[in-house]
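Subject: A structure to look through

Hi,

Here is the structure I promised to hand over. Have a look at it first, and then read on for what was found in it.

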Amino acid sequence: MRSTHRRHGIGARVPRREDARHLSGNGSFLADLRLPGLREVAFLRSEVPHGRLSAVAPPADAEPGSVWTATELAPLAQPLTATSTLDGFREAPLPNLARDKVRYVGEPIALAIAPSRAEAEDLAAGIAVDIEPLTAVVEFSDALAARTLVHEDWPDNVFATTGGAVGDVDAAARAAAVSITREYTMHRQAVVPLEPRGVAAYYDRSADQLTVWSSTQTPHMIRDMIALQLGIEGRRVRVIAPDMGGGFGAKCSVYPEEITLAAIALRCAYPIRWIEDRWEGMVASTQARDHHYRITAHAAADGELLGVDAEILVNSGAYSVHPWTATMDATMSSAMIPGPYHLDNYRFRTRSLASNKTPSGPYRGVARPGACFAIERTIDDLAHELGIEPKDMRLRNMVAPAQMPYRSVAGKVYDSGDYAEAVRRVATLIGHEQWRERQRAIPRSARHRIGIGYGSFTEQTAHGCIEWASRGLAITIGTESARLAMDSTGTFTLAVGIKSHGQSSETTLAQVVSEVFDVDVERITVMHGDTDRTPRGDGTFASRSMVMAGGATFGAARELAGKVLEIGAVLLGEPAGELELRDGAVHGRTGSIEFSRLAKEFLFTPDHVPGVAPGLEVTHYYRPEVQTGAFTYATHAVVVDVDLDTGDVRLLDYGIVEDCGTVVNPQVVDGQIIGGIAQGIGTALLEELEYDPEGQPKSTSFLDYLLPGACEVPEIRIGHLETPSPNTVFGMKGAGEGGAIAPPAAIGNAITDALRETGASISETPMTPRRVWACMQAAAEPRTAGVAG
């Protein structure tokens, strides 16, 4: 059934269908919601990072029901508790509204309801709060010292410790020609989707249905958790996720605001809504990164990587978020440190630490940017010690195509690919040798230097239940759904359980249907984000949407296509096996029948089609037979110019060669890559949530939290490999996160390459001019001291 002309099926460069409504101003976001009698909500949030909460008192003149505290809310909703099957994991229930204690700036304490947001904020400001400040746990050292406990019933500030060893790292160290130890820090970031979070809720008493509108990536999970936390039947809860202005992971956790508004709406005669402002977005939405690595690596004289020892710390904030838990980053990092390399000896220990910072959660790339930064910076430093060109060091150690499927030393099954070819191609793409010549030609007296850097990675996408279970999640994820119907006009409606928030799923999933039926995508409507109108699905995250929902869509389309061929066989009088779906019709040897006529005939006069079971609608649930996931991969290459006087870094060239398996829509994949790289550049050079020693956030607006813009993102050269996964429909692999993973590593390696003669080595992100300059100064101090002596 696979189309060969690629007009609108798999591989076609179909324009995004979503753009029409957005460019014409017809998108419908949560802030656009208009409901009769709608009232607005403002939260009163803690401005103290750690303290005892002794009293919360509404204003004396507050109307009944206009102010809610933990006292009123507690009988209605249970706190969220993220659980884990990891040994020794410590639970930290996340309060819907704070009670007895506050543990981070931004924690919700109370809320106010009023006709307008301004009035609600005024009312919230009048709530009296008595907090006795306590010493805050802020940095890694604070958490490890445990002089202050974030959770007083714990013996320390560790959510969980994980570890493991394969092979003999100590023997590798004895056999090594070179051993190095390096430490790296990836500082904390905000996620900052274009549209902030928001929730609205209304209880329709006549229908006995609670409807919750949420800017969420996981509407079905939100529906389930609302029902469970409120103790009501799931059938009474409907969750609608309207158009969304991005999510990037910040919108795939269950938040107190969703539970709280849902609970209160059951007691209100009117709908209520909360829209996050930017300050809230910087302190109350989940944050990301905040990793520290200590990597010891051993290599032979010819560059063979013999062994790696990794110590990983993650500052997870005050609570575990549901369902990902506070150990998500640590367990992912430890699994991804080996990267695309053949490695026999590996040892690791991770500790996920509690602190008085906002809870951490998923963000595009989830832990892999930190793991990639750590191992790729180490690979470059090993290469330098051995006198090997860094790209050649990678080629020497990468898993070869003939070894696929390859089980990594961390237990991950790499399904397919040619990792070394990505390095070779991206080196050609940026003109590696020409840049080396330009680099050598710069006079020593010049006050700038050029550097070349590479960053390679593998990314596990669309993994199944066994993978989530291996990370300790009590809730495992691995199935997606699709319902496809043909109506009496011969057009299609596809309903899926994922939620698109910028991935172009309304286009690419329509292309899957088109691949089977060979119809223009304009004849296919894709529905998502409404639990009453779509079959249950786990949601959009982990680069899984196209693989999982695409697999479900293909299954539904193929099953419905069989039904259509069966109907066509009766109407055309030919065997179904000899018919073909082409150009919006069923074609046989003697004639054809258009889908519109076929559907009308079958649905209006089924007696004309004897022997065919009723219905032109199919629901299909998809789970890949191999649950270890598909592995996309890429190598990024960057050329930088570093100003020796200021530490300023300019990106002169940027290339990527990636392999996401079979490409469904090249235009969409390129867009995903460019957007991801832009975010990765932000991680590398600009973005940092700074806290003072008392735990107060210092980066709470775009005045002091810098994001990349047109001036910071150069033209991106993109090359593609296309190695289909043997484990997925069409051989697809995920493409949503890969662009964001390697930029810090590649840029960090390029900066260090530029500064090799100074002895400076960059080891922290973001690599701001201040940090780059400080690295140069620190490298110069021993030489200066030696000369003086």
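Let me start with one cut-off: two helices count as roughly parallel when the angle between them is under 35 degrees. Please also keep in mind that this is a predicted model.

**Helix pairs**

Two packed helices are described by the angle between their axes and the distance between the axes. With that in hand, try α15 (residues 505–517) and α16 (residues 545–572), whose axes cross at roughly 30° and come within 9 Å. Because angles under 35 degrees count as roughly parallel, α15 and α16 are roughly parallel to each other. The crossing of α15 past α16 is right-handed. If you want to see the residues that meet, look on the α15 side for Thr508, Leu509, Val512, Val513, Val516 and Phe517. Their counterparts in α16 include Met546, Ala549, Gly550, Thr553 and Phe554.

Next, find helix α19 (residues 743–754), whose axis comes within 8 Å of the axis of α10 and crosses it at roughly 30°. That makes α10 roughly parallel to α19, and their crossing is right-handed. From α10, the residues taking part are Cys372, Phe373, Glu376, Arg377, Asp380 and Asp381. They meet Pro744, Ala745, Gly748, Asn749 and Thr752 of α19.

Helix α19 also packs against α18 (residues 666–686), here at an angle of about 50° with the axes 8 Å apart. That makes α18 oblique to α19. The crossing of these two is right-handed. Residues of α18 that meet α19 include Ile677, Gly680 and Ile681; on the α19 side you will find Pro743, Pro744, Ile747 and Ile751.

**The largest nonpolar core**

In soluble globular proteins, nonpolar side chains tend to be buried together. The largest nonpolar core here has 103 residues, and Ile337 and Ile751 are those with the most contacts inside it. Helix α10 (residues 368–386) gives the largest share of this core, nine residues.

Which residues does Ile337 contact, leaving aside its neighbours within four places in sequence? They are Tyr293, Ile295, Val308, Ile312, Tyr346, Ala371, Ala374 and Ile375.

**Two open sheets**

One open sheet has six strands in the order β7-β15-β14-β13-β8-β29, with mixed pairing. At its edges stand β7 (158–166) and β29 (764–765); each has a single partner strand, so one side of each is left without a neighbour in the sheet. Within this sheet, β13 (residues 288–299) and β14 (residues 305–315) pair in the antiparallel sense over nine bridges. To pick out one bridge, start at His292 and look for its partner Leu313 in β14.

Another open sheet has three strands, ordered β22-β23-β24, and its pairing is antiparallel. Here the edge strands are β22 (580–582) and β24 (592–594), each with a single partner strand, so one side of each has no neighbour in the sheet. From one strand to the next, the twist averages 25°. Three bridges join β22 to β23 (residues 585–587) in the antiparallel sense, and Glu580 has His587 in β23 as its bridge partner. Helix α17 (residues 595–604) lies across β22, β23 and β24, and runs at about 80° to β24.

**Strand β12 and its partners**

Strand β12 (residues 272–275) runs parallel to β1 (residues 39–45), and two bridges join them. One residue pair to look for is Glu40 with Arg273 in β12. Strand β12 also pairs with β9 (residues 198–204), this time in the antiparallel sense and over four bridges. There, Val199 stands opposite Trp274 in β12.

**One residue to try yourself**

Click on Thr260, which lies in helix α7 (residues 256–265). Is Thr260 buried or exposed? Its relative accessibility is 0%, and buried means under 20%, so Thr260 counts as buried. Not counting residues up to four places away in sequence, Thr260 touches Phe43, Leu73, Asn96 and Leu111.

Enjoy exploring, and write back with any questions!

Best wishes

Notes
Residues numbered from 1 in each chain as written. Predicted model: local features only at pLDDT ≥ 70, side-chain atom pairs only at ≥ 80, totals over all residues. Heavy atoms only, no water. Core = buried A, V, L, I, M, F, W, Y, C linked by side-chain atoms within 4.5 Å. Buried < 20%, exposed > 50% of the residue type's maximum accessible area, 1.4 Å probe, protein only. Contact = heavy atoms within 4.5 Å. Pairing = 2+ DSSP bridges. Axes fitted to C-alpha atoms, helices over the stretch in contact; angles between N-to-C directions. Parallel < 35°, antiparallel > 145°, perpendicular 65-115°, else oblique. Left-handed = near helix turned anticlockwise from the far one by under 90°.
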